[in-house]
Amino acid sequence: MNYNIEGEPLPVVICNLEANETMITEKGAMSWMTPNMKMETTSNGGIGKMFGRAFSGESMFQNRYTSMGGPGMIAFASCFPGCIRPFQIAPGQEIIAQKSAFLASTSGVELSVFFQKRIGAGFFGGEGFIMQRLSGNGLVFLEFDGYIKEYELAPGQQLVIDTGYLAAMTGNCQLEIQTVPGIKNAVFGGEGLFNTVVTGPGHVWLQSMPVSQLAGAIRPFIPTGN
């Protein structure tokens with residue numbers, strides 16, 4: 001399988017498959033394809049995996065597209081201005097991504113839920129509590145919001161991130177949600193009550209415009225009904 005990512009900041013990934021190759025995708029992600037791509041809706045695992053995907057922001061069922069009788073083509077478009085990034089997944093090379101980042105993958109990639117360890121902080125920490133874990137073996141395409149900035153963290157090096165700006169990190173990074181110190185800072189600082197702290201070693205991808213931030217910015221300009 002080969003692919004091209006085109007059209008940022010409204011990107012689409014166009015995948016060219018060999019005969020009998022299969023892509024797995026979130027419901028509704030397919031944009032266009034050749035007629036020989038056969039679709040099958042599947043639970044792709046037991047009840048536990050289905051609910052795990054639901055917790056991580058995806059639908060309980062996934063679609064499998066297989067190229068029948070020869071090469072095929074299928075395209076997946078992002079649902080938000082930003083970028084689509086490819087990641088090669090292998091044992092020991094897991095990726096932890098923001099909720100709803102999964103767009104499509106080859107059949108060997110497994111999508112599951114990743115919980116932040118401190119449950120109490122996590123429930124109040126918003127987007128940082130539940131993330132997606134991509135494991136197995138294969139290629140996955142993730143969609144991120146806005147511009148992406150990357151950092152390579154050394155062992156013990158930390159990065160403090162406002163909730164929602166963490167797009168993805170390698171599986172060897174450590175993640176913790178911490179409260180903003182000081183009542184005055186938390187109440188009047190305008191930065192929320194929690195920050196996400198990522199500790200290396202590992203690689204981190206940050207996004208410049210989380211969809212939640214965009215929604216908050218345009219909400220005052222949306223007319224309300226009388």
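Buried means under 20% relative accessible area, exposed over 50%, and partly exposed in between, with a 1.4 Å probe and protein chains only. The model is predicted: local features need pLDDT of at least 70, side-chain atom pairs count only at pLDDT 80 or more, and totals for chains, interfaces and linings use all residues. Residues are numbered from 1 along each chain as its sequence is written, and side-chain values use heavy atoms, with hydrogens and water left out.

**Exercise 1. Overview**

Task: State what share of the 226 residues is buried, and how many helices and strands the protein has.

Solution:
- Start with burial. Buried residues are 44% of the 226 in the protein.
- Next, count the elements. There are four helices and 19 strands. These are DSSP runs numbered from the N terminus: helices are H or I with at least four residues, strands are E with at least two.
- Then take contacts, meaning heavy atoms within 4.5 Å. Of the contacts with a separation of 6 or more, 79% are between residues 24 or more positions apart.

**Exercise 2. The largest nonpolar core**

Task: Find which residues of the largest nonpolar core touch the most other members.

Solution:
- Set the rule. A nonpolar core is a set of buried Ala, Val, Leu, Ile, Met, Phe, Trp, Tyr and Cys residues joined through side-chain atoms within 4.5 Å.
- Apply the rule. The largest core has 17 residues, and F87, I95, L134, V140, L142 and F144 touch the most other members.
- Trace the strands. At least two residues of this core come from each of β8 (82-89), β9 (95-97), β11 (109-115), β13 (138-145) and β16 (166-170).
- Look for a second core. Another one, of 14 residues, lies apart and includes M23, I74, F76 and L139.
- Zoom in on F144. Beyond four places in sequence, its contacts include C83, F87, A101, A167 and Q207.

**Exercise 3. A four-stranded sheet**

Task: Give the strand order of the open four-stranded sheet and say which strands stand at its edges.

Solution:
- Read the order. The open sheet runs β1-β2-β7-β4, with antiparallel pairing. Two strands pair if DSSP finds at least two bridges between them.
- Find the edges. β1 (2-6) and β4 (30-33) each have a single partner strand, so one side of each is left without a neighbour in the sheet.
- Check one pair. β2 (residues 12-17) and β7 (residues 72-77) run antiparallel and are joined by six bridges. In this pairing N16 stands opposite M73 of β7.

**Exercise 4. Cysteines**

Task: Count the disulfides, taking each as a pair of cysteine sulfur atoms within 2.5 Å.

Solution:
- Apply the cut-off. The count is zero disulfides.
- Check burial of two cysteines. C83 is buried at 3% relative accessible area, and C173 is buried at 5%.

**Exercise 5. Two residues with distant partners**

Task: Decide whether I161 and G200 are buried or exposed, and list what each touches beyond four places in sequence.

Solution:
- Place I161. This residue lies in strand β15 (residues 158-162). I161 is buried, with 4% relative accessible area.
- List its contacts. I161 touches L166, N195, T196, V198, V204 and L206. I161 and V198 are 37 residues apart in sequence, with C-alpha atoms 7.8 Å apart.
- Place G200. This glycine sits in the loop between β18 (194-199) and β19 (202-207). G200 is buried, at 9%.
- List its contacts. G200 touches L153, A154, P155, G156 and Q157. The C-alpha atoms of G200 and G156 are 5.2 Å apart, across 44 residues of chain.
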